[in-house]
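Student: I've got the model open and would like to go through its contacts with you. Can we start with one pairing and work outward?

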Amino acid sequence: MTHRLWLAPMQGYTELLFRDVYAEIFTGIDQAISPFISALPQGRSKEREWNDVLLGANTKMPVIPQIMGNVAEDLTLLANRLYDLGHPVVNLNLGCPFKMVAKKKKGSGMLCFPDELDALLDILCSGMKGRLSIKTRLGRHTRDEFPALVSIYNRYPLEDLTVHPRTGVQMYAGVPDLDFFEAILPEIHHRVIYNGDLWSLPRFRALSTRFPSLSDWMIGRWVIPNPFLPGEIKGLHFDPEEKLALLKRFHDAIYERQVARLDGPGHVTSVMKAFWVYFQDAFEEGARLFKPLRRLSDPVVYEAAVEQIFASRPTVADFNG
Ligand SMILES: Cc1cc2nc3c(=O)[nH]c(=O)nc-3n(C[C@H](O)[C@H](O)[C@H](O)COP(=O)(O)O)c2cc1C
């Protein structure tokens with residue numbers, strides 16, 4: 001089977017700059033979903049979020065815009081503005097786990113109100129000029145919410161359904177509930193994109209063997225310390241030294257473009273430190289070496305620290321061991 005690989009939306013990480021750099025250095029990702037664009041009243045949006053999905057800018061990696069909100073009319077207007085911009089498909093965020101978002105019945109916060117979700121999808125799907133895809137968790141509080149959600153999703157002509165088999169309150173803790181996902185998968189009438197904890201080639205092989213009907217896989221956090229994975233899934237092989245050199249190139253390209261884009265060195269180092277939350281997993285002692293850097297803001301100190309981490313023992317080569 002030919003597998004289709006999706007870059008997960010990750011606000012603060014997988015914006016255009018990251019997608020461009022990734023596509024210049026690596027291969028394997030077929031399609032990205034953008035970090036969410038908030039649907040403001042009258043379908044307006046924040047300029048920064050809108051600019052991230054402009055077609056003229058997104059030439060290196062195809063992107064589907066993701067929208068998030070709780071007012072069907074605002075979501076419909078935003079989806080139609082995106083359609084007019086050239087996006088025939090938009091993705092609805094029904095997964096964001098954060099309390100501040102969820103308590104407003106946005107993201108995963110909508111999953112425990114199935115009747116309201118149904119009414120929202122009814123207005124959205126009948127008012128949209130283009131097609132809708134959805135990214136969901138199993139529920140807000142418990143997976144027991146999911147069967148009712150599946151019967152709602154099945155009633156709408158969705159492009160596809162991305163399932164991250166955790167609940168909202170679970171955040172990123174614990175493990176995806178694969179047994180439950182396996183049991184409910186035959187009930188879903190849409191093309192399913194699996195998402196969650198896909199960190200290595202052996203992990204991909206285990207999941208694709210367990211779920212042979214799935215052709216679509218979405219990778220999020222692990223694409224940062226293990227950017228080779230999409231290529232490896234597509235059959236490429238990298239030597240350990242090659243991996244380390246490519247990882248350094250990846251880091252440096254992100255860093256250089258952030259320096260060019262952002263005002264002030266403190267701003268750049270703070271964005272880069274966020275990347276190290278995930279990059280550190282590419283090094284055996286990444287967590288220890290990264291810890292003292294949390295308070296730094298001077299780029300010279302940052303660059304020296306990065307050199308030190310890259311000189312330490314990488315684990316990237318072992319990911320597939
Ligand atoms: C920092 C961060 C930001 C995220 N932003 C979004 C987002 O904007 N939209 C969304 O649907 N999911 C978002 N997610 C969730 C990811 O898309 C994905 O579902 C999750 O990380 C699980 O996949 P993974 O195990 O491959 O990382 C975010 C996750 C993280 C860690």
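Tutor: Sure, and keep in mind that this is a predicted model. Take Glu232 and Lys243, which form a salt bridge.

Student: How far apart are the closest N and O atoms of Glu232 and Lys243?

Tutor: For a salt bridge, the nitrogen has to sit within 4 Å of a carboxyl oxygen. Glu232 and Lys243 satisfy that, with their closest N and O atoms at 3.1 Å.

Student: Which domains does the assignment give for the protein chain?

Tutor: Glu232 and Lys243 are the pair we just looked at. The assignment splits the chain into two stretches, 4-233 and 240-318. Those are domain 1 and domain 2, respectively.

Student: How many salt bridges does the rule find across the interface of domain 1 and domain 2?

Tutor: Three residue pairs are in polar contact between domain 1 and domain 2, both partners being at pLDDT 80 or more. As for salt bridges across that interface, the rule finds two.

Student: Which helix gives the largest share of the side of domain 1 that touches domain 2?

Tutor: By class, that side of domain 1 has 13 nonpolar, one polar and four charged residues. Seven residues come from a single helix, spanning 16-25, and that is the largest share: helix H1.

Student: What area is buried between domain 1 and domain 2?

Tutor: Contact involves 18 residues of domain 1 and 18 residues of domain 2. Carbon and sulfur atoms give 76% of the buried area, which is about 1700 Å².

Student: Which residues of domain 1 lose the most area to domain 2?

Tutor: Together they make up 33% of what the domain 1 side buries. They are Tyr13, Leu17 and Phe228.

Student: Back to salt bridges: which residue does Asp52 meet in one?

Tutor: Asp52 sits in the loop between helix H2 (47-51) and strand E3 (63-68), and its partner is in helix H1, 33 residues apart. The N to O distance is 3.1 Å, and the partner is Arg19.

Student: Now the ligand: which residue has a polar backbone atom 2.7 Å from an oxygen atom of the ligand?

Tutor: In total, 20 residues surround the ligand, the closest being Pro9, Gln66, Asn195, Asp197 and Arg221. A ligand oxygen is also 3.3 Å from a polar backbone atom of Phe36. The residue with the 2.7 Å distance is Pro9.

Notes: Residues are numbered from 1 along each chain as its sequence is written. This is a predicted model: local features need pLDDT of at least 70, side-chain atom pairs count only at pLDDT 80 or more; totals for chains, interfaces and linings use all residues. Side-chain values use heavy atoms; hydrogens and water are left out. Domain bounds come from an automatic or database domain assignment. Contact means heavy atoms within 4.5 Å. Buried area is the accessible area (1.4 Å probe) that two parts lose on being put together, summed over both. A salt bridge is a side-chain nitrogen of Lys or Arg within 4 Å of a carboxyl oxygen of Asp or Glu. A polar contact is a pair of N or O atoms within 3.5 Å; within protein, one must be able to donate a hydrogen and the other to accept it, and residues adjacent in sequence count only if both atoms are side-chain atoms. Helices (H or I, at least four residues) and strands (E, at least two) are DSSP runs, numbered from the N terminus. Ala, Val, Leu, Ile, Met, Phe, Trp, Tyr, Cys and Pro count as nonpolar, Asp, Glu, Lys and Arg as charged, and the others, Gly among them, as polar. A residue is near a molecule or strand if one of its heavy atoms lies within 4 Å of it.
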